[in-house]
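Biologist: Please show me the model, and let us go through its confidence and its aromatic contacts.

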Amino acid sequence: MGAKKYYVIWKGKETGVFSSWDKVKKLVQGYEGAKYKSFVSKEEATKAIKKKYSDYQGKGISKKTLSNADKARYGVPIKNSLTVDAACSGNPGKMEYRGVLNHNIKRFLRWGLLRMALIILENS
């Protein structure tokens with residue numbers, strides 16, 4: 001199970017700071033133009049709700065300093081690396097792939113399914 005997250009909804013069926021993704025999902029799903037984001041601490045989420053969504057939009061996850069206990073348990077992050085993820089909207093649905101360079105937290109790639117398929121075909 002992942003670490004506890006807190007969620008801020010700036011625009012949705014209800015606004016505020018929430019600790020349950022299931023509740024947040026119900027409040028933003030189907031709400032056109034919903035604006036929401038997850039945070040690693042309640043304190044960070046409480047600060048964020050007082051600011052504008054645009055201050056956080058596209059900024060990726062918040063940076064968290066690892067405690068010595070976290071470092072002992074999980075190890076030290078490899079800064080010279082790339083983190084990638086994929087998401088699907090629906091089943092089946094549109095796919096999107098993203099990559100972030102860990103040393104500077106900058107987006108390295110963002111591909112939709114068609115572009116990814118073309119790259120795979122070119123390299124096969």
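What follows is a short exchange on confidence and ring pairs.

Modeller: This is a predicted model, where local features need pLDDT of at least 70, side-chain atom pairs count only at pLDDT 80 or more, and totals for chains, interfaces and linings use all residues. Residues are numbered from 1 along each chain as its sequence is written, and side-chain values use heavy atoms, with hydrogens and water left out.

Biologist: Which element has the lowest mean pLDDT?

Modeller: pLDDT is the predictor's confidence in each residue, from 0 to 100. The protein has a mean of 80, with 79% of its residues at 70 or more. Where pLDDT is low, the predicted coordinates should not be read in detail. Strand β2 (residues 16-18) has the highest mean, 97, and the lowest, 55, belongs to helix α4 (residues 113-122).

Biologist: Are the rings of Trp-10 and Tyr-56 stacked or edge-to-face?

Modeller: Rings of Phe, Tyr and Trp (its six-membered ring) pair if their centres lie within 6.5 Å; planes under 30 degrees apart count as stacked, over 60 as edge-to-face and the rest as tilted. Here the centres are 5.8 Å apart and the planes at 25°, so the pair is stacked.

Biologist: Is Phe-39, which pairs with Tyr-56, buried or exposed?

Modeller: Phe-39 and Tyr-56 meet edge-to-face, 5.3 Å centre to centre with 85° between the planes. Buried means under 20% relative accessible area, exposed over 50%, partly exposed in between (1.4 Å probe, protein chains only). Phe-39 has 2% relative accessibility, so Phe-39 counts as buried.

Key. Helices (H or I, at least four residues) and strands (E, at least two) are DSSP runs, numbered from the N terminus.
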